[in-house]
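Visitor: I have a model here and a pile of labels on it. Could you walk me through where those labels come from?

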Amino acid sequence: MPLRPNMLERVLLHKGIIPSVLLDTGVSMFQASALLTAGDLRLFNYLLEGPLTIEELTTRAACSLHGLQVLLTCMMNLGYVDLRGSHYSLTAATRRSFPIELFPEMVPFFRAVNEKLNNATHAVRTDPPGGIMGWSMVTSGDVGRSYQAAMRWLGSSMVKEVVSRTRIADPPKNMLDVGGSHGLYSVEFCRKHPHLKATILDWPIGLESARLTLAQAKDVAERIDLLECDFEKENIPGGGYDFIFLGNIIHGLNEAANQRLFDKIAAASSNAANIAILDQYSNVRGSAFVKGVASLIGWNLFLFAGGRAHDFEDVTKWLERSGFRSTTLVHLRRSPGFSLITARKH
């Protein structure tokens, strides 16, 4: 959980009496380190079973008593864990919103990213086309599977709001989920539209994740196909798609790559197709918190693969060049920094 200064501390931070740089650099870095270590040790997973003493946790996590005590103190003060008597337990907020079961799988990806961040200054000075990490880092192996776990958690946290706020005049019948990975959006859209059939397009490692989802979504699994394709290197096979969804895709591409992608989508879709694009946009409206989240995501995208949070006006221009009109923008309420663009072919 983020550190929450009291009112006096917020005033002192705002006036610069308490140097905020300590929070923004050292403290935030140490906080991430502690949280990732808790994930490595599966600390939250053990506590999900019920309250445990430190001795019981030490045995289950196979670590030193002193080291675990230091870590638990951090988790308590950050709001993840409670201590009652001699037993530790998860806070209500952790149980409600933390991806407890997925988090240990997500840790390798975040650690791999952290290792690359030392090269951020080089990225700012040279603006390398593929960033300092690159998509090749997540297309296979342990880091790739960890990335897929992180995308699954991200999708699960916003899929219902996204689907409920995607307005389409006519019920779609043939959906293409570009870079659909876990397939959560395809599943939820198929549940919303009983006659919809969907195709999830992704790398092989993304389709592995989709198969896990479809195995648990037997009510709609028969209406969802999997298509192995690298949309940057290959054309999208035509399917007369009347609804195309892109979830957190365009931020990883530059202007030219996005224009090529929209052109491919236009060629593979029907004459009256609708498109919905979930992403982060640089000119987002909202509070300082919302804008801060969006800008930091943009920073991460720049470092990761030379991507960025694009302006709404730029995305509108690319869509229009590919034949899509009537572009609208909706900001998500439950996921600050994320917005949904929709448009229609005419």
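Guide: Here are some labels for this structure and the reasoning behind them; keep in mind that the model is predicted.

Visitor: Okay, overall form to begin with. What makes the protein as compact as a globular protein of its length?

Guide: There are 14 helices and ten strands in the protein. Its radius of gyration is 22 Å, and the globule rule gives 20 Å for 346 residues; those values are close, so the protein counts as being as compact as a globular protein of that length. Along the principal axes, the C-alpha trace spans about 65 × 50 × 35 Å.

Visitor: And how much of the protein is buried?

Guide: Buried residues, meaning those under 20% relative accessible area, are 50% of the 346. On the outside, about 17,500 Å² is exposed, with carbon and sulfur atoms supplying 55% of that.

Visitor: Why is R308 called partly exposed?

Guide: Buried stops under 20% and exposed begins over 50%. R308 has 40% relative accessibility, so it falls in between and counts as partly exposed. You'll find R308 in the loop between α13 (288-305) and α14. Leaving out residues up to four places away in sequence, R308 touches H251, S282, G298 and L301.

Visitor: What makes β5 largely enclosed?

Guide: Count the residues: strand β5 (residues 197-202) has six, and five of them are buried, so the strand is largely enclosed by the rest of the structure. On pairing, β5 runs parallel to strand β4 (residues 174-178), with five bridges joining them. M175 stands opposite A198 of β5 in that pair.

Visitor: Which sheet does that pair sit in, and what is its strand order?

Guide: An open sheet of seven strands, ordered β6-β5-β4-β7-β8-β10-β9, with mixed pairing. How do you know which are the edges? β6 (224-228) and β9 (324-331) each pair on one side only, and that makes them the edge strands. From one strand to the next, the twist averages 20°.

Visitor: Where does α14 come in?

Guide: Helix α14 (residues 312-321) packs on that sheet and touches β8, β9 and β10. The direction of α14 makes about 155° with that of β9. The cut-off for roughly antiparallel is over 145 degrees, so α14 and β9 count as roughly antiparallel. Two of the strands α14 touches, β8 (residues 269-279) and β10 (residues 339-345), are joined by six bridges and run antiparallel. The bridge partner of A276 is T342 in β10.

Visitor: Why are α4 and α5 called roughly perpendicular?

Guide: Helix α4 (residues 54-61) packs against helix α5 (residues 65-77) at an angle of about 110°, with the axes 10 Å apart. Roughly perpendicular covers 65 to 115 degrees, so the label fits α4 and α5. On the α4 side, I54, L57 and T58 make the contact; on the α5 side, L65, L68, Q69 and L72 do.

Visitor: Last one: what makes β1 and β2 edge strands?

Guide: They belong to an open sheet of three strands in the order β1-β3-β2, with antiparallel pairing. β1 (52-53) and β2 (81-84) each have a single partner strand, so one side of each has no neighbour in the sheet. Four bridges join β2 to strand β3 (residues 87-90), and L83 stands opposite Y88 of β3.

Terms used
Residues numbered from 1 in each chain as written. Predicted model: local features only at pLDDT ≥ 70, side-chain atom pairs only at ≥ 80, totals over all residues. Heavy atoms only, no water. Pairing = 2+ DSSP bridges. Axes fitted to C-alpha atoms, helices over the stretch in contact; angles between N-to-C directions. Contact = heavy atoms within 4.5 Å. Rg over C-alpha atoms; globule rule 2.2 N^0.38 Å. Buried < 20%, exposed > 50% of the residue type's maximum accessible area, 1.4 Å probe, protein only. Areas by Shrake-Rupley, 256 points an atom, 1.4 Å probe, with all protein chains shown as cover. Parallel < 35°, antiparallel > 145°, perpendicular 65-115°, else oblique.
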